[in-house]
Amino acid sequence: MRDNGNPSAERTESAAGINGRVIAGLALMFTAVTLIALTGCRSDTPVNTTASQTIDAPVRTAGPLAFAVKTDYGAGSEPSSVTTGDFNGDGKTDLAVANYGSGNVSIRLGAGDGTFGAKVDYGAGVNPSSVTTGEFTGDGNTDLAVANYGSNNVSVFLNAGNGTFGAAMNYSVGTGPGSVTKGDFNRTGKISLAVANTDSDSVSILQGVGNGSFGAAAGYGAGSRPNCVAAADFNGDGISDLAFANYGNNMLSILPGTGNGTFGAAANYAAGASPHSVTTGDFNGDGKTDVAVANADSNDVSVFLNAGNGTFGAAANYGAGTYLSSVTTGDFNGDGKSDLAVSNYSSGNVSILPGTGDGTFGVKSDYAAGAGPIMVTTGDFNGDGKTDLAVANWESGNVSILLNTTDFGNS
Ligand SMILES: [Ca+2]
Ligand SMILES: [Ca+2]
Ligand SMILES: [Ca+2]
Ligand SMILES: [Ca+2]
């Protein structure tokens, strides 16, 4: 259906289409069909947060979901991925953005009132496709890892403790890495990295040493064109497993972790057309981690409920906007139930699908982002206890911040 040729060549042609010609419609078509293939992935590991939200949060009478009109902050060229963390340790949530076109990562420190300070850029590899946070050294400061699609490596940036980062240390992975996430895959208490290699149909595991360096990558098969990887414990054995969105064969793949840093054979589940992003959460409140996948070509989200042993039933599908590029979880209306946030690349907005708590989702509501939103992530940017949104807009070269203004009611 798509991406049968050389993806790098397609992306080069696409970039030329955007930058070299003034044929907006054609450029948009190229972008939507090819560029988005490389990201749109929730690269954090939200399972713990989601579980605590679902189980521990007080049940409240939530008002209608509402977000303020977006505020935009400039990024580099073709921002492909955004994540959040407290990089300077002031208790306020900051932003990290990977820029595909400019080969760097942009940091903006949060002021705590929903606004952000000036952008500081750090050079990464060629065509960064994904950024995640982790504590790689044990000093309590949040570090960064960036997957570089064009240079087939991962750049690790160590935090000096004040929100500034040292020069990148680069580690080779497979071909065309499209996504990076973290986990303790060998139960050493040290954070390792899992990288989905979109062009070599594999995952690379970089074992964390604990001092900020990583051991050589070990590779495993991961389906056909894995574009996004998420780590979570699906079978409840206390060991991190991996989930992949594979747009080459329209499958969700689950790789069980063995606990020594290796993984067992993949189990595959049918998703919609061209799944590009995967996230995890407990959608029915049974304490077992479920999965949601955003399907670009079928314009819907596939929700897979965990049978309890790490296997999944058939997907239930929920429509969102057009050309879904990413999905993540959060409790946006304060009812203690996990909801879904989806970025719609071609519609230029974000859809929120409210969770009912029984594993199903209600009618979506839409909120405007920039042009070509390729990834949405969450954070509380103004410290009011309500989960806000940050959206990386590929075509407009910025990040949209949408503050949650929902009336959570009395707790
Ligand atoms: Ca901060
Ligand atoms: Ca569940
Ligand atoms: Ca909710
Ligand atoms: Ca907030």
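Reader: How many bridges join β4 to strand β5, and in which direction do the two strands run?

Author: In this predicted model, β4 and strand β5, which covers residues 120-123, are joined by four bridges and run antiparallel. One facing pair is Ile107 and Val120, the latter in β5.

Reader: Which strand is joined to β4 by five bridges?

Author: Strand β3, residues 94-99, is joined to β4 by five bridges, and these strands also run antiparallel. Here Val97 stands opposite Ser106 of β4. The connection between β3 and β4 is a hairpin with four residues between the strands. Within that turn, Gly103 has a positive phi of about 65°.

Reader: How should the side chains of a strand be read, and which residues of β4 point which way?

Author: In a regular strand, side chains alternate between the two faces of the sheet. In β4, Asn104, Ser106 and Arg108 point one way, while Val105 and Ile107 point the other way.

Reader: Is β4, residues 104-108, mostly covered or mostly uncovered?

Author: Strand β4 is mostly covered, with five of its five residues buried. The residues pointing either way from β4 are thus described alike: all are buried.

Reader: Let us turn to the sheets. What is the strand order of the open sheet that contains β6?

Author: The order is β6-β7-β8-β9, four strands with antiparallel pairing. Strands β6 (128-134) and β9 (169-172) stand at the edges; each has a single partner strand, so one side of each is left without a neighbour in the sheet. On average, neighbouring strands of this sheet are turned by 25° against each other, direction ignored. In the interior of the order, β7 (residues 143-148) and β8 (residues 153-157) run antiparallel and are joined by five bridges. Ala145 stands opposite Val156 in β8.

Reader: Which strands are the edge strands in the open sheet with the order β18-β19-β20-β21?

Author: That sheet has four strands with antiparallel pairing. Its edge strands are β18 (275-281) and β21 (316-319), each of which pairs on one side only. The twist from one strand to the next averages 25°. Six bridges join β18 to β19, residues 290-295, and the two run antiparallel. Pro275 stands opposite Asn295 in β19.

Reader: Why does Val303 count as buried?

Author: Val303 lies in strand β20, residues 300-304. The cut-off for a buried residue is 20 or more other C-beta atoms within 10 Å. Val303 is buried because 25 other C-beta atoms lie within 10 Å.

Reader: Which residues is Val303 in contact with, leaving aside its neighbours within four places in sequence?

Author: Val303 is in contact with Phe283, Asp290, Ala292, Ala315, Ala316, Tyr318 and Phe361. As for Tyr318, its C-alpha is 8.0 Å from that of Val303, and the two residues are 15 apart in sequence.

Reader: What proportion of the residues of the protein chain count as buried?

Author: Of its 411 residues, 58% count as buried. The protein chain has three helices and 28 strands. Among contacts with a separation of 6 or more, 53% involve residues 24 or more positions apart.

Reader: Where is the pLDDT below 50?

Author: Where pLDDT is low, the predicted coordinates should not be read in detail. The protein chain averages a pLDDT of 88, and 84% of the residues score at least 70. The pLDDT is below 50 over residues 1-36, a stretch with 38 contacts in the model beyond near neighbours in sequence. Residues 42-57 also have a pLDDT below 50, with 49 such contacts in the model.

How values were computed
Residues numbered from 1 in each chain as written. Chains lettered and ligands numbered in written order. Predicted model: local features only at pLDDT ≥ 70, side-chain atom pairs only at ≥ 80, totals over all residues. Pairing = 2+ DSSP bridges. Axes fitted to C-alpha atoms, helices over the stretch in contact; angles between N-to-C directions. Buried ≥ 20, exposed ≤ 12 C-beta atoms within 10 Å, placed from the backbone. Contact = placed C-beta atoms within 7 Å. pLDDT = per-residue confidence, 0-100.
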